[in-house]
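User: Please give a close reading of the coordination site in this model, and then relate it to the side-chain contacts elsewhere. A connected account with explicit cut-offs would be appreciated.

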Amino acid sequence: MTIPVVNIIEACRKASDKMANKDTPLILNEWYVAAFKDEVGRELLARKILNKRVVMYRTLDGAPIALEDRCAHRSFPLSKSHLDGDNIICGYHGFKYSCTGDLVEIPSQSKCPHGIGIKTYKLAETGPLVWIWLGDQSLADESKIPHLPWLENPNWACTSGYFFHPGNYVSMHENLMDLTHLTFLHAATIGTPDYASAPYKTELKDGHYKLIREVVPTTLSPVWGQTTGLAGKDTAARIATSEFLSPGLHQVSVKFYDSALDEETRENYKIHTAHILTPETNNTMHYFIVHGRDFALNDEHIERFMHEQLFAAFQEDVEGLGALEAILDDQDEHHFEISVASDSPAVATRIYLKKRAEQEKG
Ligand code: FES
Ligand SMILES: [Fe+2]
């Protein structure tokens, strides 16, 4: 039976309606990375996260603090103020706040009313990351922070970087879930022609979605070939797992080896990349990246080469999805998306994000 085209379009529209997009409300009750640990110190750090302006610093004994970046008096940004010990003094008329957000001093009068101040947000530190909870503070449970043990494992070497990304975080989750795009968007950096058509399998559990792609045999792009010693071989293997771990975190893990050698004798080279997606607004994002490897741990040349090559590839994502965002901004009511089989974990991710957003709204 031939299905009229109009029905296909209608089906696509209905499917799209169930998925999160750039207009879906952001999910507040979740841990997101607010900063790298070494960004938070005795200098005031301003960052807008989930449409909320936050100022961060450390107390004299090193505890990280996050406060609403807005003075309760006339809304001056506290990030443009200064620290006095553990307190923060507004740079406009001098109201003083404690690190718990309480107003403790008003310079123009001797009495300071009790029980007023500004919001504070819970922070938690793991490895090189500072996480923030911007939703209902009574729900902030540190045991729910996604665990990435390799970040603190001395047998892994890590490098990191940051992009301000001019696009929404939902599109970036999709980008990371289906690495078909390596063959096209990253043709000049980390992609190979055989990647897009390589076999894959998916795992879809509620809130945890995976796509595992096995490219065997293959040749490796320079960033992997030159760093693993598998350059020039057409028997290399590249097993890549894309994994949605939370609204703010996606992990890509890859194993490389020479498929011509026995499983018992061949060497495995493993990498992990934490793609940390912290929405600034509905259509901008803080994109933190930590990349780890379990080989060439003390080789500075390899580290520098790998970092340059990878971050050139991540720049391609930022530029590509920035261009895509402009198209999304222009879309009208006739817009629809077509999904294909390899989109299934990305579609599941988007349905999950929409469900979470609607639950919070409810
Ligand atoms: S705006 Fe901060 S003290 Fe007036
Ligand atoms: Fe990419």
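Analyst: The arrangement around the iron ion (ligand 2) is irregular because its 4 donor atoms subtend angles of 57 to 153°. By the criteria applied, four donors are tetrahedral if all angles lie between 85 and 135 degrees; four are square planar and six octahedral if opposite donors are over 155 degrees apart and all others between 65 and 115; anything else is irregular. The model is predicted: local features require pLDDT of at least 70 and side-chain atom pairs pLDDT 80 or more, whereas totals for chains, interfaces and linings use all residues. Residues are numbered from 1 along each chain as its sequence is written, chains are lettered from A and ligands numbered from 1 in the order written, and side-chain values use heavy atoms, without hydrogens or water.

The donors are His181 (NE2), His186 (NE2) and Asp317, which is listed with OD twice, at 2.1 to 2.4 Å. A donor is an N, O or S atom within 2.8 Å of the metal (3.2 Å for Na, K and Ca); water is not among the atoms, so a site may look incomplete. The sequence spacing of the donor residues is H-x4-H-x130-D. His186, in the loop between helix H2 (169-177) and strand E12 (200-205), and Asp317, in helix H4 (residues 300-330), are 131 residues apart and link distant parts of the chain. Helices (H or I, at least four residues) and strands (E, at least two) are DSSP runs numbered from the N terminus. His186 is buried at 1% relative accessible area, and Asp317 is buried at 4%. Buried means under 20%, exposed over 50%, and partly exposed in between (1.4 Å probe, protein chains only).

Beyond the metal site, the whole structure holds 15 salt bridges, each a side-chain nitrogen of Lys or Arg within 4 Å of a carboxyl oxygen of Asp or Glu. Helix H2 takes part through Glu174, whose closest N–O distance to Arg350 is 3.1 Å. That pair spans 176 residues, Arg350 lying in helix H5 (residues 344-361). Glu174 is partly exposed at 23%, whereas Arg350 is buried at 5%. Helix H5 also supplies Lys355, paired with Asp206 in the loop between E12 and strand E13 (208-218), 149 residues away; the N to O distance is 3.3 Å. Here Lys355 is partly exposed at 37% and Asp206 is exposed at 62%.
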